[in-house]
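Please open the model in a viewer and keep the selection tool at hand. The tour proceeds from one selection to the next, with a short account of what is found at each stop.

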Amino acid sequence: MKKPQAQAVVVGGSIAGVCTAHALIAAGWQVVVLEKSAAAPTGSPTGAGLGLEPLSRRIIDSWLGGSKLLDEATVPLGIDQNQVIDAETKTSRLLTRDESFNFRAGHWADLHSLLHDSLPPHVFLWGHQLLSFRVADDKGSVSVKAKVLQTGNVVDIVADLLVAADGCLSSIRQHFLLNFKLRYSGYCAWRGVLDFSGNEDSETIAGIRGAYPDLGKCLYFDLGSQTHLVLYELLNKRMNWLWYINQPEPQLKGSSVTIKVSEEMIKEMHKEAERIWVPELSRLMKETPRPFLNVIYDADPLEQIFWDNVVLVGDGAHPTTPHCLRSTNMSVQDAAVLGKCLEKWGLENLHNALSEYQATRLPVVAKQVLHARRLGRIKQGLPRPDAPPFDPKKATLEDCVQLQQRKVPFFGFVPPVLLK
C-alpha cells in the first residue's frame with residue numbers, strides 16, 4: 001500500500017519560504033505556503049540587492065533544473081574590495097582586494113520571482129495571515145489557523161510539519177521563546193537602487209564608472225570615519241548601495257524593520273553623503289528615488305531551532321546583520337539541508353530528521369552570525385571587547401585582511417548531507 005504524502009505548511013513567502021517550498025517538494029513532500037501579502041512582489045525596494053555564493057547557486061540550480069536561469073538573472077561579483085575614503089580630500093586608498101571572490105549579485109525581487117514562478121501554482125496562498133497553530137498531543141500533526149485577508153474567512157490546515165519562515169520578527173519563534181529579543185546593532189542602513197536604463201551615458205553614470213572602474217564585477221566597500229558604504233551593480237542597468245550610520249535605536253512601528261522616511265530625512269542624508277563620500281557617489285545617491293532606512297538587528301545564536309513538529313528557517317532561525325552577505329545564503333542552505341534531512345529520514349522519523357537539520361545548521365550559522373556582528377562593529381568603528389575601535393586610516397595590512405568576506409567562518413563549506 002502506498003504511503004500518504006507528507007504535508008508541510010510554510011509560514012512566510014519571502015526567500016526562505018520559497019526556498020523551503022522547493023526543497024521539500026524535491027524531497028517528496030506536499031507543501032503549502034501562507035503569505036500575508038496580497039500578491040507576489042514585482043519590484044519591492046525593501047529587498048534590494050543580494051549576493052549568492054557558489055553553494056547557494058548550485059542548490060538553486062538544482063531546483064530550477066540548470067544554471068541558465070539564475071545566471072541570466074544575476075551578474076558576477078568576482079572581486080571583494082575594501083578602501084578608505086578621506087572625507088576632506090575625497091580620495092580613496094586601497095585596504096584589501098580579493099580577486100577570487102566568486103559570488104554573483106542579484107535583486108531580491110528578481111530572485112524571488114525566479115523561484116516563485118518555477119513552483120506549482122497551487123503552492124502559494126497569498127493574502128493568508130497566520131492566526132494560531134497547535135501541535136497534536138501525540139505529536140503526529142500540527143493544526144494551523146489562517147485568516148484570508150480579503151474575505152475575513154478563517155481556514156484550518158492540518159499538516160505533518162510547520163516551517164516558520166516568517167522572518168527576524170518571527171511570531172512562531174516567539175511562541176516558544178517568550179523572552180527572546182532582537183539585539184540592536186548600534187546603526188541603521190540607508191538603502192537604494194538606481195535604475196539608470198536609458199541614462200547609460202549620463203554624467204552621473206560616467207562619473208561613478210570612472211570612480212569605481214570595476215563596477216559590474218566588484219563588491220565595493222568604502223570605509224570612512226565610523227561609517228561604511230557598500231556599492232555594486234545589478235543586472236538590467238541598476239546600481240545598488242547601502243550606507244550604514246551609527247545612531248540610537250529608533251522606535252519601530254508595526255512588524256517591519258524598515259522605517260518610513262520623510263523628505264527632510266532624505267535631504268539630511270544627501271547633505272551628509274556630500275560631506276563624507278566622493279562626489280560621484282553622493283551624486284548617485286542623490287539621484288536614487290525612494291531610498292529607505294532599515295534598522296539593523298541580529299540576535300545571539302539560538303540553542304534550539306525546532307520543537308516537535310515546528311522548525312525555524314531563515315532569519316527566524318538566525319537573525320543576522322548583513323555584513324557577510326549571509327541572510328539569503330543562510331536561507332537557501334537552511335532549506336536545502338532541511339529538505340535532504342526529511343528525504344533521508346522520512347516522515348516516520350521526523351524527530352531524527354529535524355535533529356540532524358538542527359545539528360548541521362546551528363554550528364555554522366552561530367559562528368557566522370557572530371562574525372557578521374564583529375565585522376559590522378569593525379567597519380563602523382564601534383568598540384569591541386578585545387580591541388579598540390578600528391580606524392581604517394591607521395590600519396595595518398593584518399588589520400585589513402579581516403575585512404575580507406572569505407574570512408567568514410565556514411566560507412566555502414558544504415554540509416555532508418548535501419554531498420550525498
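Begin by selecting Arg 361 together with its contacts: beyond residues up to four places away in sequence, Arg 361 touches Met 330, Gln 333, Asp 334 and Val 337. The model is a predicted one. Arg 361 belongs to helix 10, and its relative accessible area of 1% places it among buried residues.

Move next to Thr 360, which also lies in helix 10. Is Thr 360 buried or exposed? Thr 360 is buried, because its relative accessible area of 16% falls under the 20% limit. With neighbours within four places in sequence left aside, the contacts of Thr 360 are Val 337 and Pro 415.

**Helix 9 against helix 10**

Now display residues 327-345, which form helix 9, and residues 350-379, which form helix 10. The two axes come within 8 Å and cross at roughly 155°. How are helix 9 and helix 10 oriented to each other? They are roughly antiparallel, since the angle of roughly 155° is over the limit of 145 degrees. The crossing in which helix 9 passes helix 10 is right-handed. On the helix 9 side, select Met 330, Gln 333, Asp 334, Val 337, Leu 338, Cys 341, Leu 342, Lys 344 and Trp 345. On the helix 10 side, the contact is made by Leu 350, Asn 352, Ala 353, Leu 354, Glu 356, Tyr 357, Thr 360, Arg 361, Val 365, Gln 368 and Val 369. Colouring this contact by class gives 12 nonpolar, 4 polar and 4 charged residues.

**Helix 7 against helix 8**

For another pair of helices, select residues 263-276, which make up helix 7, along with helix 8. Their axes come within 8 Å and cross at roughly 170°. Helix 7 is therefore roughly antiparallel to helix 8. The crossing of this pair is right-handed. Helix 7 contributes Met 269, His 270, Ala 273 and Glu 274 to the contact, while helix 8 contributes Ser 282, Met 285 and Lys 286. By class, these residues of helix 7 and helix 8 comprise 3 nonpolar, 2 polar and 2 charged.

Keep Lys 286 selected; this residue is found in helix 8, which spans residues 279-286. Which residues is Lys 286 in contact with, leaving aside its neighbours within four places in sequence? They are His 270 and Glu 274. A distance label drawn from the C-alpha atom of Lys 286 to that of Thr 258 should read 20 Å, for a pair 28 residues apart along the chain.

**Helix 2 and its cover**

Turn to helix 2, residues 54-64. How many of its 11 residues are buried? The count is 8, and helix 2 is mostly covered. The buried residues to select are Leu 55, Ser 56, Arg 57, Ile 59, Ile 60, Asp 61, Trp 63 and Leu 64. Their cover includes helix 1 (15-26), strand 3 (49-52), helix 3 (68-73), strand 7, helix 4 (108-117) and helix 9. After helix 2 comes Gly 65, with a positive phi near 85°.

**Positive phi outside glycine**

Most residues other than glycine have a negative phi. Two asparagines are worth selecting in this respect. Asn 102 has a positive phi of about 60° and sits in the loop between strand 6 (91-98) and strand 7 (103-107). Asn 102 is partly exposed, with a relative accessible area of 42%. Asn 236 likewise has a positive phi, near 65°, and its place is the loop between strand 15 (227-234) and strand 16 (238-246). At 53% relative accessibility, Asn 236 is exposed.

**Cysteines**

The final selection concerns cysteine sulfurs. How many disulfides does the structure hold? The number is 0. A disulfide is a covalent bond between the sulfur atoms of two cysteines. Start with Cys 218: the closest cysteine sulfur, in Cys 400, is 15 Å from its own, which is too far for a bond. Cys 218 is buried, at 0% relative accessibility. Then select Cys 324, whose sulfur is 16 Å from the closest cysteine sulfur, again in Cys 400, and so too far for a bond. Cys 324 also counts as buried, at 1% relative accessibility.

Conventions: Residues are numbered from 1 along each chain as its sequence is written. This is a predicted model: local features need pLDDT of at least 70, side-chain atom pairs count only at pLDDT 80 or more; totals for chains, interfaces and linings use all residues. Side-chain values use heavy atoms; hydrogens and water are left out. A disulfide is a pair of cysteine sulfur atoms within 2.5 Å. Buried means under 20% relative accessible area, exposed over 50%, partly exposed in between (1.4 Å probe, protein chains only). Axes are lines fitted to C-alpha atoms, for helices over the stretch in contact, and angles run from 0 to 180 degrees between N-to-C directions. Helices (H or I, at least four residues) and strands (E, at least two) are DSSP runs, numbered from the N terminus. Angles under 35 degrees count as roughly parallel, over 145 as roughly antiparallel, 65 to 115 as roughly perpendicular and the rest as oblique. A crossing is left-handed if the near helix is turned anticlockwise from the far one by less than a right angle, and right-handed if clockwise. Contact means heavy atoms within 4.5 Å. Ala, Val, Leu, Ile, Met, Phe, Trp, Tyr, Cys and Pro count as nonpolar, Asp, Glu, Lys and Arg as charged, and the others, Gly among them, as polar.
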